[in-house]
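This report describes selected features of one protein chain. It begins with a helix and its surroundings, then turns to domains, empty spaces and single residues.

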Amino acid sequence: MERSTRILLTGGHGFLGAHLVRALTRAGYVNVATFGSRDHDLTREPEVARALAEHAPEAVIHLAARVGGIGANRKFPGTYFYENLLMGVLLMEQARRAGVRRFLSVGTICSYPKFTPVPFREEELWDGYPEETNAPYGLAKKMLLVQSQAYRQEFGFDAVNVLLVNLYGPGDNFDPETSHVIPALIRKCVEAAESGAPAVSVWGSGSATREFLYVEDAAEGIVRAFERLRDSEPVNLGASREISIRDLATQIAELSGFRGRLEWDPTKPDGQPRRCLDTSRAERLLGWRARTPFDEGLTRTIAWYREQRLASAREPSRI
Ligand SMILES: NC(=O)c1ccc[n+]([C@@H]2O[C@H](COP(=O)([O-])OP(=O)(O)OC[C@H]3O[C@@H](n4cnc5c(N)ncnc54)[C@H](OP(=O)(O)O)[C@@H]3O)[C@@H](O)[C@H]2O)c1
């Protein structure tokens, strides 16, 4: 892709989007445009068409999504299904009609079957139904892959796809209603350390495992995928490191300076039993590997969150 390519990035004001704007700029792209849902609601077809007409992109990177942790996925399964499905379907169709030359979709590990053998290989993506708590979200996003392959076959539309594991890093969503596990644990541990609370309650049994990718590494992987992928087969982007929620909580408690007890709440769901991606396809096709050590990424994320808390104490509307 030429560095002057007009790129339209949906979801560019979000957590990953803000890092991806910086990664594209570092890579030399000078025409990157983005917008928020108030400018163009991508669940409405006329708005999608208007966004494409206004920006006249040559390439689209689609990140916009309704995203949340297990709690939000259980509370809003219909909304997550409907909005994510609609955004992808409408945007890719309108982009094709508008003559967009390249379309990259960002998918999710939540699309994998509940009991995929670990590490998850792209070939196993269709071997079963996803874990129930995130199936509506994961399946809605999985349709981007089907649409990409169908559009390439019928229209020669150059659509490519990556699948991301759970992300973490500065700028993440720390809202207790919708946050993922890492920001949720950081928030609880930092608050408990500050208040001197004796215990922190943690969802589930602690036995489930997860894999986490530092958001800057993810952004670099997406730039590589945008430049190098040549077909619509999915490519996993992950850190290839599995950790139990119990070990994760212990590590976050230590790094946050929380010295009290972790109390497990088995009435809350664990979600998918195990998660970890095989990233050999990404290494082969993109020459990409995650670089940030986990403790370093966590330390930076905790430091960022503490700064936000200090700033919001000075200026309460900030957080
Ligand atoms: N975070 C993770 O751990 C993770 C893991 C795997 C995959 N992903 C994927 O990565 C992408 C980015 O996730 P994220 O964590 O950065 O999410 P995020 O911070 O919630 O950002 C999502 C963005 O989507 C925009 N959006 C939502 N609904 C929209 C609508 N109807 N019209 C236009 N824009 C809309 C939002 O814009 P406004 O703020 O203006 O409403 C927001 O900026 C998503 O596709 C997600 O599925 C994320």
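What covers the buried residues of α2? The model is a predicted one, and in it the cover includes the strands β1 (7-10), β2 (32-35) and β3 (59-62) together with the helix α4 (77-97).

**Helix α2**

Helix α2 spans residues 45-55, and its buried residues are Glu47, Val48, Ala51 and Leu52. Viewed down the axis of α2, these buried residues fall within an arc of 135°, so they line one face of the helix. The face of α2 turned away from the buried side carries the exposed residues Pro46 and Ala53. Alanine 56 follows α2 and is found in the loop between α2 and β3.

**Domains and the pocket between them**

The domain assignment divides the chain into domain 1 (7-169 + 212-242 + 275-286) and domain 2 (181-207 + 243-272 + 293-313). The C-alpha centres of the two domains lie 28 Å apart. Contact between them involves 17 residues of domain 1 and 16 residues of domain 2.

The second largest pocket has a volume of about 230 Å³. Because domain 1 and domain 2 both give residues to its lining, this pocket lies between them. The lining comprises 19 residues, of which Ala239, Ser240, Arg241, Ala290 and Thr292 lie nearest the centre of the pocket. Strand β9 (residues 212-214) gives the most to this lining, with 3 residues. By class, the lining of the second largest pocket has 10 nonpolar, 4 polar and 5 charged residues.

**The cavity**

How many cavities of 30 Å³ or more does the structure hold? There is 1 cavity of that volume or more. The largest cavity has a volume of about 70 Å³. Elements that give two or more residues to the lining of the largest cavity are β4 (102-108), α5 (135-155) and β5 (159-164). Of these, α5 gives the most, with 4 residues. The residues lining the largest cavity are Ser105, Gly107, Thr108, Ser111, Lys141, Lys142, Leu144, Leu145, Asn161, Val162 and Leu163. By class, they comprise 4 nonpolar, 5 polar and 2 charged residues.

**Two buried residues**

Leucine 164 is in strand β5. Its relative accessibility is 5%, so leucine 164 counts as buried. Leaving out residues up to four places away in sequence, leucine 164 touches Leu16, Val106, Gly107, Thr108, Ile109, Ala218, Ile222, Leu237 and Leu277. Two of these contacts, Gly107 and Thr108, are also named in the lining of the largest cavity. The C-alpha atoms of leucine 164 and arginine 44 are separated by 26 Å, with their positions 120 residues apart along the chain.

Glycine 297 lies in helix α10 (residues 294-314). At 0% relative accessibility, glycine 297 counts as buried. Apart from neighbours within four places in sequence, glycine 297 is in contact with Tyr168, Tyr214 and Thr292. Thr292 is also one of the residues that lie nearest the centre of the second largest pocket. Glycine 297 and leucine 213 are 84 residues apart in sequence, and their C-alpha atoms are 8.9 Å apart in space.

**Backbone geometry**

Most residues other than glycine have a negative phi, and most peptide bonds are trans. Against that background, the table lists two residues with a positive phi.

| Residue | Phi | Place | Relative accessibility |
|---|---|---|---|
| Alanine 56 | about 40° | loop between α2 and β3 | 38% |
| Serine 240 | about 55° | loop between β10 (234-237) and β11 (243-244) | 41% |

Are these residues buried, exposed or partly exposed? Alanine 56 counts as partly exposed, and serine 240 also counts as partly exposed. Serine 240 is in addition one of the residues nearest the centre of the second largest pocket.

Which residues does a cis peptide bond join? The bond joins valine 118 and proline 119, with omega about -5°. Proline 119 is found in the loop between β4 and α5. Both β4 and α5 also give residues to the lining of the largest cavity.

Terms used. Residues are numbered from 1 along each chain as its sequence is written. This is a predicted model: local features need pLDDT of at least 70, side-chain atom pairs count only at pLDDT 80 or more; totals for chains, interfaces and linings use all residues. Side-chain values use heavy atoms; hydrogens and water are left out. On a 1 Å grid over the protein atoms alone, a cavity is a set of points where a 1.4 Å probe fits but cannot get out, and a pocket is an open set with protein on both sides within 12 Å along at least five of seven lines; lining residues have an atom within 4 Å of a point. Grid points are joined across faces, edges and corners, and a volume is the space filled by probe spheres set on the points. Ala, Val, Leu, Ile, Met, Phe, Trp, Tyr, Cys and Pro count as nonpolar, Asp, Glu, Lys and Arg as charged, and the others, Gly among them, as polar. Domain bounds come from an automatic or database domain assignment. Buried means under 20% relative accessible area, exposed over 50%, partly exposed in between (1.4 Å probe, protein chains only). The arc is that of the directions from the helix axis to the C-beta atoms. Contact means heavy atoms within 4.5 Å.
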